[in-house]
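Q: Please take a close look at a single helix of this protein and at the residues around its two ends. I would value one connected account that sets the helix in the context of the whole chain.

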Amino acid sequence: SELTGAVPHGINLDSSQIDKAHRNPRLPAANFLVGDFNVELPYEDESFDAVYAIQPLTYLQDHAFTFSEVMRVLKPGGRFVMNDVAALDAYDRENEHHRTLIQHTRELTVFGGFWYYRYWEDAYREAGFELLSSQGRSAVPLIKKEVALFTRYEKAFRAMARLRVSPRKTDALLQRMNKNSLSYIAAEEAELLTLNWHCVGQKPG
């Protein structure tokens, strides 16, 4: 908003996220609400120039309903931008190894449903949007850096657990997270999924 002059609004089911917005003096606190995108959005018709959804949409209960609600609150010509998890062409749901990699990734990132990227494209078009762009963006380089950092301090974490400076379950949790990170990297490098499928749709008008 500092770059564009936009007036931001936001809803989140997690009240702690809304509390963070309320504590930010640069944000208009009254515009940030605890809310659920699976019910009618608490805004008038044609209220916004753009709507952004950054990795919440795997928890949609009814894609058609929520996408139609976004269409309703956008002004003509407004844009709906999403960035979320998507299955890619190489994923085979009958392949046990593929399913295991996806399950480990789900445990790591806590995403919900797992839909093919063309499903997202269809959801835009069926709601009446013109689909302006649709593409995946890899997060592997960032995750590899985090895994490398964990590996560097892995011995320290284990020593702290042995000395009971930190709970043993903390070390076990970190080990599991590291394993799941490696599964995610393998899944994305095999082009089974992306955590960052990016779509932009525009409301006619």
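A: In this predicted model, helix H3 comprises 14 residues, 96-109, and its geometry can be checked against its length. At 1.5 Å a residue, H3 should span 20 Å, and its end C-alpha atoms are indeed 20 Å apart, so expectation and model agree. The buried residues of H3 are His-98, Leu-101, Ile-102, His-104 and Thr-105. They cover an arc of only 160° around the axis, which means that they lie on the same side of H3. The spacing has a general background: an α-helix has 3.6 residues a turn, so residues three or four places apart point the same way.

Both ends of the helix have features of their own. At the N-terminal end, Asn-95 acts as a cap of H3, with a side-chain oxygen 2.9 Å from the backbone nitrogen of His-97. After H3 comes Val-110, which has a positive phi, near 60°.

The loops on either side of the helix are linked by aromatic rings. The protein has twelve aromatic pairs. One of them joins Tyr-91 and Phe-114 in an edge-to-face arrangement, with 5.2 Å from centre to centre and 80° between the planes. Tyr-91 belongs to the loop between strand E4 (74-87) and H3, whereas Phe-114 belongs to the loop between H3 and helix H4 (117-127); the pair therefore ties together parts that are 23 residues apart in sequence. Tyr-91 has a relative accessible area of 22% and is partly exposed, because buried means under 20%. Phe-114 also pairs with Phe-111. This second pair is tilted, at 5.8 Å centre to centre and 40° between the planes. With a relative accessible area of 6%, Phe-111 falls under the 20% limit and is therefore buried. Elsewhere, Phe-67, Phe-80, Tyr-124 and Phe-129 form one aromatic cluster.

The wider setting of H3 is a protein with six helices and six strands. Along the sequence these elements follow the pattern β-α-β-β-α-β-α-α-β-α-α-β. Of the 205 residues in the protein, 40% are buried. Among contacts between residues at least 6 apart in sequence, 76% join residues at least 24 apart. The accessible surface comes to about 12500 Å², and carbon and sulfur atoms account for 53% of that surface.

Notes
Residues numbered from 1 in each chain as written. Predicted model: local features only at pLDDT ≥ 70, side-chain atom pairs only at ≥ 80, totals over all residues. Heavy atoms only, no water. Helix = DSSP H or I, 4+ residues; strand = E, 2+ residues; numbered from the N terminus. Expected span 1.5 Å × (residues − 1). Buried < 20%, exposed > 50% of the residue type's maximum accessible area, 1.4 Å probe, protein only. Arc of directions from axis to C-beta. Polar contact = N/O pair within 3.5 Å; in protein donor to acceptor, adjacent residues only side chain to side chain. Phe/Tyr/Trp six-rings, centres within 6.5 Å; stacked < 30°, edge-to-face > 60°. Contact = heavy atoms within 4.5 Å. Areas by Shrake-Rupley, 256 points an atom, 1.4 Å probe, with all protein chains shown as cover.
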